[in-house]
Structures are given as C-alpha cells and as structure tokens.
Amino acid sequence: MSRRTNCWDELLDTLEERLWRWRAAASGAPEPGQLSWPDVGPLPRRLEVRARALLDGYAEVEAAMAHHHDDLRILLERARAGSRPTGTPLFVDRRA
C-alpha cells in the first residue's frame, strides 16, 4: 500500500469522526473546528463506496442544519413581529 493510500484511509477515518461531531452539532453541540485537507492524491477505487457514504452523511447533516436554520429564522421573525410597540409612545426622546 502506498503512502497516499494510507493518507486516504486516515483522512476517511477523520471524516467519519467529524461526521459524528457534525451530527451532534446539528442538535446543538459545538461545531468541529476547521479541517486541514492533506495532499492525498486521487481516491483509490477500493475506498469509493466508503467516500460516497460519507458524502451522503454530510448531505444529511447539511439538510438537518438548514432545517434548524429555517426554524430559527421563523421563530425570530415571529418574535420581532410580536415585540413591536403599538399605540402611544410612553416617552419622547428629545436628544435627537
């Protein structure tokens, strides 16, 4: 096995671990830090299935986070709409 193939094995191990951390982040845990992408060369054929499964997993996490983002946006829009003052102001700021 070449060194680059070993690098791919290690990289996919790292990506699998990060996928679990991103799944936790989609539920409110802290996000994983940045990943420094190594120069690993082309993906070996024997790792294609594993790499595609990781891509699918990351796509699921991205969709979950987008859903949570939309839920939060709706919640904030409703909060802003309900907190607008109506009627007569209680004071007038004459400093302006």
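**Salt bridges between two helices**

In this model, R23 lies over the face of W20, 4.8 Å from the ring centre; a charge counts as over a ring if NZ of Lys or CZ of Arg is within 6 Å of the ring centre and within 35 degrees of the ring normal.

Colleagues, this is a predicted model, in which local features need pLDDT of at least 70 and side-chain atom pairs count only at pLDDT 80 or more, while totals for chains, interfaces and linings use all residues. Residues are numbered from 1 along each chain as its sequence is written, and side-chain values use heavy atoms, with hydrogens and water left out.

The protein chain has 2 helices and 0 strands (DSSP runs, H or I of at least four residues for helices and E of at least two for strands, numbered from the N terminus).

I turn now to the salt bridges. The structure holds 7 of them, each defined as a side-chain nitrogen of Lys or Arg within 4 Å of a carboxyl oxygen of Asp or Glu. D13 pairs with R50, their closest N and O atoms being 2.4 Å apart. D13 belongs to helix α1 (residues 3-26) and R50 to helix α2 (residues 48-82), so this pair ties together parts 37 residues apart in sequence. E16 also forms a salt bridge with R50, at 2.9 Å between the closest N and O atoms. Here too helix α1 meets helix α2, so parts 34 residues apart in sequence are tied together. D13, E16 and R50 are thus linked in a network of salt bridges.

Within helix α1, R21 and E17 are 4 residues apart, about one helical turn, and their side chains meet in a salt bridge at 3.4 Å, N to O.
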